[in-house]
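Please look through the structure below with me, and let us ask of each label what earns it.

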Amino acid sequence: MPVIVFAQPKGGVGKSTSAIVLATELAHGGASVSVIDADPNEVLVEWSKLREPPAGMKVFGDITEDGILDHIDDESARVQFVIVDLEGTKNLKISRAISRADLVVIPIGASHVDALRAADAIRLIRTEERSYRHRIPHAVLLTRTSPAIRTRAQVAVLEELHEAGVEIFDTALHDRAAFRELFAYGGGIRDLPEDRVRNLPAAVENAESFAAEVVERLRTILNRSRTGG
Amino acid sequence: MSRRGKLGLGGLDDFEPKQSERRDTAAADQAGEAHGFRSREPARKERPTRKRGKSAFNAQINIRGREEDIALFQAVADERGIAYGRLFREMCSRLKADDSKR
């Protein structure tokens with residue numbers, strides 16, 4: 001049921017990577033997952049052609065502005081998790097998808113420019129919240145971070161977001177070879193050849209933590225909406 | 001199917017398929033528009049079906065005249081950007097009006 005929308009009007013921030021990481025981890029956890037690839041570049045559709053996606057997971061492409069909401073509605077009535085990936089521009093599909101989101105994930109690299117574009121997405125979410133008189137939970141996901149150090153830029157961006165009252169995922173997706181290799185091999189992190197990808201177990205651990213945090217947030221959100229809180 | 005501990009004990013069975021709450025698309029579009037999130041698809045403009053009334057200029061005469069008069073007639077029509085039929089009509093009605101003033 002939960003619709004998870006990856007929204008960030010800037011490209012190259014790891015949106016598709018984090019969407020795939022989450023989708024494959026949820027499928028690995030035994031869930032049925034539909035991925036709606038609403039980016040005209042259809043990176044995820046291409047990914048799904050490299051190797052059969054994990055059992056229970058399907059990827060849909062060829063999504064138009066007029067068709068996106070029907071797709072989301074159809075899939076959320078059919079599967080346990082719907083994940084929507086969007087183009088890294090300011091486009092109408094983003095505002096429409098947000099109207100159905102149970103959780104919006106806003107990936108950013110540790111840079112001021114990425115944070116500025118994330119702010120655009122957050123302003124849009126807040127306007128939709130007012131229009132629909134309904135909370136649209138959202139949080140920023142830091143991507144491509146170094147597993148070893150916190151750069152000065154990273155600390156600055158985190159402080160900036162904190163001050164703006166923006167929620168941030170505790171887990172950051174690190175800059176790991178495994179995440180890049182997903183688009184060369186297809187499948188999930190766990191399907192990658194261990195002998196060819198550097199430090200694969202660390203990437204699996206990272207992917208698992210991210211998925212677990214999303215699930216935890218969703219449980220809190222859904223419980224809150226069930227109890228009307 | 002494998003279930004990993006980190007995703008929660010008992011797996012993910014507590015998440016069930018459910019009809020999502022349908023909300024008015026216009027509000028999302030308005031919010032998008034307000035923040036510069038606009039359509040990226042080519043506008044599908046309905047081609048207006050032009051209903052053209054039947055032209056009244058549907059009779060024809062064939063006039064023999066001097067070449068220079070015909071050239072002048074064509075030049076005047078070109079200068080005014082009007083069809084020969086309309087120029088002919090205007091010329092005739094002006095002459096008629098002049099005659100009646102006399």
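Q: What makes two strands count as paired, and how many bridges join strand 1 of chain A to strand 5 (residues 103-108) of chain A?
A: Two strands pair if DSSP finds at least two bridges between them, strands being DSSP runs of E of at least two residues and helices runs of H or I of at least four, both numbered from the N terminus. Three bridges join strand 1 of chain A to strand 5 of chain A, and the two run parallel, so the requirement of at least two bridges is satisfied. One of the positions involved is A:Phe6, whose bridge partner in strand 5 of chain A is A:Val105.

The model is a predicted one, in which local features need pLDDT of at least 70 and side-chain atom pairs count only at pLDDT 80 or more, while totals for chains, interfaces and linings use all residues. Residues are numbered from 1 along each chain as its sequence is written, and chains are lettered from A and ligands numbered from 1 in the order in which they are written.

Q: Which other strands pair by this rule, and over how many bridges?
A: Four bridges join strand 1 of chain A to strand 4 (residues 81-85) of chain A, again in parallel, and A:Val3 stands opposite A:Val82 there. Strand 5 of chain A and strand 6 (residues 138-145) of chain A pair in the parallel sense over five bridges, with A:Leu142 in strand 6 as the bridge partner of A:Ile108.

Q: Why is one side of strand 3 (57-60) and of strand 7 (173-174) of chain A left without a neighbour in the sheet?
A: Seven strands of chain A form an open sheet in the order 3-2-4-1-5-6-7, with parallel pairing. Strand 3 and strand 7 of chain A stand at the edges and have a single partner strand each, so one side of each lacks a neighbour in the sheet.

Q: Why is B:Tyr84 called exposed?
A: A residue is exposed if 12 or fewer other C-beta atoms (placed from the backbone) lie within 10 Å of its own, buried if 20 or more do, and partly exposed in between. B:Tyr84 has 12 other C-beta atoms within 10 Å, and therefore counts as exposed. B:Tyr84 is found in helix 3 (residues 84-101) of chain B, and its C-alpha lies 8.0 Å from that of B:Phe73, eleven residues apart in sequence. Of the 102 residues of chain B, 9% count as buried, and the secondary structure of chain B comes to three helices and zero strands.

Q: Which residues of strand 1 (residues 3-6) of chain A are buried, and where do they point?
A: A:Val3 and A:Val5 point one way, A:Ile4 and A:Phe6 the other way, and all are buried.

Q: Which residues touch the most other members of the largest nonpolar core?
A: Such a core is a set of buried Ala, Val, Leu, Ile, Met, Phe, Trp, Tyr and Cys residues joined through C-beta atoms within 7 Å. Of the 75 residues in the largest one, A:Val84 and A:Ala97 touch the most other members, while helix 8 (residues 200-226) of chain A gives the most to this core, with eight residues. In general, nonpolar side chains tend to be buried together in soluble globular proteins.

Q: How many residues of chain B are in contact with chain A?
A: Contact requires that the C-beta atoms of two residues, placed from the backbone, lie within 7 Å; 31 residues of chain B are in contact with 40 residues of chain A.
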